[in-house]
Amino acid sequence: MERSGSRKIRRICQIAALLCAAVTGLSGCADQRFTLLSPYSDQISSVQRSETESFLGARAGGMAGNICVVDSDTAFDGTLITAKSAVCFNITQRKTLYAKNYDTQLPMASLTKLMTALLVLENGDLDQEVTVGQETVITTADAWLCGFQPGDTMTLRTLLECMLVYSGNDAANACAAAVGGSVENFVDQMNARAESLGAVHTHFANPNGLDDRDHYSTPYDIYLILNACLQYDEFRKIIPMTEVDSTWTRNGETQTQTFPSGNGYLAKTAVPPDGITVYGGKTGHTENAGYCLATYAKDSTGDELIAVVFGAAEKQPVYADTNTLLGLDVDGS
């Protein structure tokens, strides 16, 4: 059990993180829990929700208008989608379209790479030449890899593109080591950055999203992270890529390979609803996480949308659920 003083300090810090998100103008919905719960817990009291809303209203003043709150009293049809949890926002209008178990902590697979990308964009030089090390050696069964080897040399931009488009776990680890000095240091930075965004229900154990008991997030927190990534033009350029042509050097020899996107919308194996244009996002899948998908799209009026789905049982349903969510902005239901 935490001492009372420690609990108060943590509450103050996490409320400050939410207020910081309001000040920087990140569009979206402010979450309302104070203390980081144990993995995969979905308990939150109505008192905590009320206290946070009151704090933001009293201290943030007009700035609170930039943050929409997922109201626990608002009824959403939990049977509308089959996945474990999801959110959908019209971020242009600061409107919550849907929320199901939005603050439930679950494994998020390669949606993790959104935070890895954010730190690379914030702190890295994309033209930097990187010589990758042992961090690219990943022996986890079925890990998705680009095939980079220790000693390979390429730009940080190449690694970022391979991570976001192809979802290479070795590329994610190489990004982490290049920007953080080591994978371990980078993971600490990921957790600190999550808290500063107000994503206080997230904990990272690695930069790639492979299953780990101490690695979890929520649909709302991933929304916050994706929303932060969208502030970077380079991110917006990369996520619509259907494939990436990569070049690197190995033992003095030039290597080239084309890595295709694993996003069904970009591969044309999934079709969005009429009136919706999908620009990309991030896919994720592990045995524990199931199928996850974070999607950035626009409707016919140009309004920007973010949909996040966690824990679909199969690949096709994660796109069906996402279409259902994006369709809410079209028909207004």
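Which residues of H4 are buried? They are Leu156, Thr158, Leu159, Leu160, Glu161, Cys162, Met163, Leu164, Val165 and Tyr166. Buried means under 20% relative accessible area, exposed means over 50%, and partly exposed lies in between (1.4 Å probe, protein chains only).

This is a predicted model: local features need pLDDT of at least 70, side-chain atom pairs count only at pLDDT 80 or more, and totals for chains, interfaces and linings use all residues. Residues are numbered from 1 along each chain as its sequence is written, and side-chain values use heavy atoms, with hydrogens and water left out.

**Helix H4**

Ten of the eleven residues of H4 are buried, so the helix is largely enclosed by the rest of the structure. Helices (H or I, at least four residues) and strands (E, at least two) are DSSP runs, numbered from the N terminus. Just after H4 comes Ser167, with a positive phi of about 70°.

**Aromatic pairs**

The whole structure holds twelve aromatic pairs. Trp144 and Tyr166 make a tilted pair, with 5.4 Å from centre to centre and 35° between the planes. This pair links distant parts of the chain, 22 residues apart. Trp144 sits in the loop between strand E5 (129–131) and strand E6 (153–155), while Tyr166 belongs to helix H4 (residues 156–166). Trp144 is partly exposed, at 47% relative accessibility. Tyr166 is buried, at 16%.

Phe148 and Trp248 also pair: their ring centres are 5.0 Å apart and their planes stand at 85°, so the pair is edge-to-face. Here the partners are 100 residues apart, with Phe148 in the loop between E5 and E6 and Trp248 in strand E7 (residues 243–250). Phe148 and Trp248 are both buried.

The cut-offs are as follows: rings of Phe, Tyr and Trp (its six-membered ring) pair if their centres lie within 6.5 Å, and planes under 30 degrees apart count as stacked, over 60 as edge-to-face and the rest as tilted. Ring pairs link Trp144, Phe148, Tyr166, Trp248 and Phe259 into a cluster.

**Salt bridges**

How many salt bridges does the structure hold? There are five. A salt bridge is a side-chain nitrogen of Lys or Arg within 4 Å of a carboxyl oxygen of Asp or Glu. The table gives three of them, with the distance from N to O.

| Positive partner | Negative partner | N to O distance |
|---|---|---|
| Arg193 | Glu122 | 2.8 Å |
| Arg250 | Asp152 | 2.8 Å |
| Arg236 | Glu304 | 3.1 Å |

Arg193 and Glu122 form a bridge between their side chains. Arg193 lies in helix H6 and Glu122 in helix H3 (residues 113–123), so the pair ties together parts that are 71 residues apart in sequence. Arg193 is partly exposed, at 23% relative accessibility. Glu122 is partly exposed too, at 28%.

Arg250 bridges to Asp152. Arg250 lies in strand E7 and Asp152 in the loop between E5 and E6, so this pair ties together parts that are 98 residues apart in sequence. Both Arg250 and Asp152 are buried.

Arg236 bridges to Glu304. The pair links distant parts of the chain, 68 residues apart: Arg236 in helix H8 (residues 233–238) and Glu304 in strand E11 (residues 304–312). Arg236 is partly exposed, with a relative accessible area of 30%. Glu304 counts as buried, at 19%. Elsewhere, salt bridges that share partners join Asp127, Arg157 and Glu234 into one network.

**Loops with positive phi**

Most residues other than glycine have a negative phi. Asn251 has a positive phi, near 50°. Asn251 lies in the loop between E7 and strand E8 (253–260). Asn251 is exposed, with a relative accessible area of 76%. Lys268 also has a positive phi, of about 65°. Lys268 is found in the loop between helix H9 (264–267) and strand E9 (276–286). Lys268 is exposed, at 71% relative accessible area.

**A charged patch**

Which residues gather in a patch of negative charge on the surface? They are Asp142, Asp211, Asp212, Asp214 and Glu287. Patches are made of residues with over 30% relative accessible area and no salt bridge; like charges are joined within 9 Å, and nonpolar side chains (Val, Leu, Ile, Met, Phe, Trp, Tyr) within 5 Å. Asp214 is in the loop between helix H6 (183–197) and helix H7 (219–229). Asp214 is partly exposed, with a relative accessible area of 41%.

Conventions:
Areas by Shrake-Rupley, 256 points an atom, 1.4 Å probe, with all protein chains shown as cover. Lys, Arg positive; Asp, Glu negative; His and termini not counted. Charge placed at Lys NZ, Arg CZ, Asp CG, Glu CD.
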